[in-house]
Amino acid sequence: MERSVLQHLTLDEIDLVLEGNYPEALRTHVNGCPDCSSLISGERLVVQWLGALPLHVPAAGFEDRVMARVQVVTPRSALATLRHRALATPTSRALAAGAMVSVLGSLAGSIVWSLGHREVLASLGMTAFHNVAELGWVVVHGLATTLVEQPWYGSARALADSPARLATVAGVLTTAWAAGMLLMRRLIAIPAGSVAHEHI
Amino acid sequence: MAERPAPLSALTDQEVVLLARGGQERAYRELVRRYERPIFSLLYRMVRDRELAEDLSQDTFVKALNAIESYKPEYKFSSWLFKIANNAAIDHLRRRELDTLSLEGSPHAVTPDAVEATALQIGDRGENALDIVEAKELGGEIERAIALLRPEYRACILLRHVDGRAYEEIAEMLDLPLGTVKTYIHRARNELRRSLAHLKE
């Protein structure tokens with residue numbers, strides 16, 4: 001008898017019917033077939049009973065007993081994390097060792113070469129200093145020329161002539177900056193309001 | 001001005017795990033609080049001994065929380081935890097033949113208080129005394145019928161119809177093909193239907 005019932009509905013179809021989301025043709029078959037109807041009502045009852053089973057509660061103090069055996073993670077620094085990862089597997093250890101040999105080798109090579117070519121290094125240093133200083137002067141000169149050519153330069157210069165006016169302008173700018181910072185802080189702050197159902 | 005931290009109960013599992021990884025003990029405790037009942041219930045129904053279920057539940061949480069840094073956030077935390085719990089139960093069942101379900105308390109309990117503390121507790125949902133007795137009897141019958149299922153059927157049907165897990169999730173947790181999970185659940189329902197047929201009246 002059980003076998004003939006199974007021939008009517010596949011496992012997936014039984015699940016569809018139990019979930020209540022099944023096509024009309026299946027509904028018609030279940031309603032018209034006494035075997036399938038009985039099977040479904042029996043399965044539905046079993047599912048209902050299982051769903052109503054209560055959760056069992058472990059003995060009081062369970063959480064503390066677990067925590068007594070748990071080692072809480074200590075947050076690592078970035079360097080410690082890198083070291084932990086580098087030493088985690090044989091492959092990562094080999095890669096880390098290779099990288100370290102390369103870095104130390106390059107460093108040692110540089111030192112040896114520098115000791116043997118001091119005059120070259122000094123000459124290179126002087127040339128580099130001269131070039132940087134010349135470039136710096138060109139940039140400063142260019143900026144100053146551009147500033148003086150601006151139409152508002154005369155008015156700004158007049159402001160700087162009086163200490164009182166200079167202080168007023170500085171005060172206004174400082175106040176505007178402080179207000180802007182305050183506004184930005186409020187905009188990016190995470191809301192600290194209560195959460196729905198927090199009391200439950 | 002220091003801002004009040006969000007209550008942990010409002011966070012997702014993944015967010016709580018991140019806090020735990022940051023070294024916050026309260027996050028560990030939150031994870032235990034969230035899952036102690038479902039994990040203990042599953043293990044209790046699997047091994048049918050309250051003290052043993054409690055030991056296995058503790059082992060499950062200790063194993064999971066001590067390995068919290070190896071947990072991959074792309075998976076559900078609950079699936080990971082249930083998988084560890086199920087493995088613990090299956091390992092135990094493979095090692096040992098179990099005695100039948102005791103509704104009256106653990107066979108290891110030696111004092112009346114211990115017997116009372118370890119007796120199978122069926123939920124009280126506010127019914128009157130007669131309802132409670134009937135619910136306990138019905139619950140006891142269902143627990144007994146579940147206890148008679150093969151362990152693999154038991155794990156599947158509990159995860160599906162008591163914990164409400166999806167077939168795919170169960171297959172992943174138990175390392176079984178999807179079709180096998182469906183077959184096990186169908187067979188388990190069939191066996192329960194037969195063994196509980198007398199309750200239908």
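**Exercise 1. The A–B interface**

Work out how many residues of chain B are in contact with chain A, and which helices supply them.

*Solution.* Keep in mind that this is a predicted model.

- Start with the count: 45 residues of chain B meet 33 residues of chain A.
- Next, sort the chain B side by helix. H1 (13–21), H2 (25–47), H3 (50–66), H6 (129–147), H7 (151–162) and H9 (178–195) of chain B each put in at least two residues.
- Then ask who gives the largest share: that's H2(B), with 11 residues.
- Finally, split the chain B side by class, and you get 19 nonpolar, 12 polar and 14 charged residues.

**Exercise 2. Where to trust chain A**

Find where confidence is lowest and where it is highest in chain A.

*Solution.*

- Take the average to begin with: chain A has a mean pLDDT of 83, and 88% of its residues score at least 70.
- Now go element by element. Helix H1 (residues 2–8) of chain A sits at the bottom with a mean of 48, while helix H5 (residues 62–68) of chain A tops out at 95.
- Look at the stretches below 50. Residues 1–6 of chain A are one of them, and beyond near neighbours in sequence this stretch has four contacts in the model.
- Residues 191–200 of chain A also have a pLDDT below 50, with six contacts counted in that way.

**Exercise 3. Two helices, two settings**

For H8(A) and H7(B), check the end-to-end span against 1.5 Å a residue, then decide whether each helix is enclosed or in the open.

*Solution.*

- H8(A) covers residues 118–148, which is 31 residues. The expected span is 45 Å and the end C-alpha atoms are 45 Å apart, so the two agree.
- How many of the 31 residues of H8(A) are buried? The number is zero, so this helix lies largely in the open.
- H7(B) has 12 residues and reaches 15 Å from first C-alpha to last, close to the expected 16 Å.
- Burial goes the other way here: nine of the 12 residues of H7(B) are buried, so the rest of the structure largely encloses this helix.
- The buried set is B:Tyr153, B:Arg154, B:Ala155, B:Cys156, B:Ile157, B:Leu158, B:Leu159, B:Arg160 and B:His161.
- After the helix comes B:Gly164, with a positive phi near 70°.

**Exercise 4. The nonpolar core**

Say which residues have the most contacts inside the largest nonpolar core, and which helix gives the most to it.

*Solution.*

- Get the fold of chain B straight before anything else: it has nine helices and zero strands. Of its 201 residues, 36% count as buried.
- The largest nonpolar core has 49 residues. Those with the most contacts inside it are B:Leu31, B:Leu43, B:Leu81, B:Ala85, B:Cys156, B:Ile157 and B:Ala188.
- H2(B) gives the most, with 12 residues.
- Does that keep the core within one domain or spread it over two? It's spread: domain 1 (10–104) and domain 2 (133–196) of chain B each provide at least three residues.
- Zoom in on B:Cys156. Setting aside residues up to four places away in sequence, B:Cys156 touches B:Ile170, B:Val181, B:Tyr184, B:Ile185 and B:Ala188.
- There's also a second, separate core of six residues, including A:Leu9, A:Val17, A:Val30 and A:Cys36.

**Exercise 5. Positive phi, buried or exposed?**

Locate B:Arg48 and B:Asp175, and decide whether each is buried or exposed.

*Solution.*

- B:Arg48 sits in the loop between H2 and H3 of chain B. Phi is positive there, about 65°, although the residue isn't a glycine.
- Count neighbours: 23 other C-beta atoms lie within 10 Å of B:Arg48, so it is buried.
- B:Asp175 is in the loop between helix H8 (167–174) and H9 of chain B, and its phi is positive too, near 55°.
- B:Asp175 has 9 other C-beta atoms within 10 Å, so it comes out exposed.

**Exercise 6. A buried histidine**

Find which residues B:His92 is in contact with, leaving aside those within four places in sequence.

*Solution.*

- B:His92 belongs to helix H4 (residues 77–95) of chain B.
- With 20 other C-beta atoms within 10 Å, B:His92 is buried, since the cut-off is 20 or more.
- The contacts are B:Val47 and B:Leu56.
- B:Leu56 is 36 residues from B:His92 in sequence, yet their C-alpha atoms are 8.9 Å apart.

Technical notes:
Residues are numbered from 1 along each chain as its sequence is written. Chains are lettered from A and ligands numbered from 1 in the order in which they are written. This is a predicted model: local features need pLDDT of at least 70, side-chain atom pairs count only at pLDDT 80 or more; totals for chains, interfaces and linings use all residues. pLDDT is the predictor's confidence in each residue, from 0 to 100. Helices (H or I, at least four residues) and strands (E, at least two) are DSSP runs, numbered from the N terminus. Two residues are in contact if their C-beta atoms, placed from the backbone, lie within 7 Å. Ala, Val, Leu, Ile, Met, Phe, Trp, Tyr, Cys and Pro count as nonpolar, Asp, Glu, Lys and Arg as charged, and the others, Gly among them, as polar. The expected span of a helix is 1.5 Å times one less than its number of residues. A nonpolar core is a set of buried Ala, Val, Leu, Ile, Met, Phe, Trp, Tyr and Cys residues joined through C-beta atoms within 7 Å. Domain bounds come from an automatic or database domain assignment.
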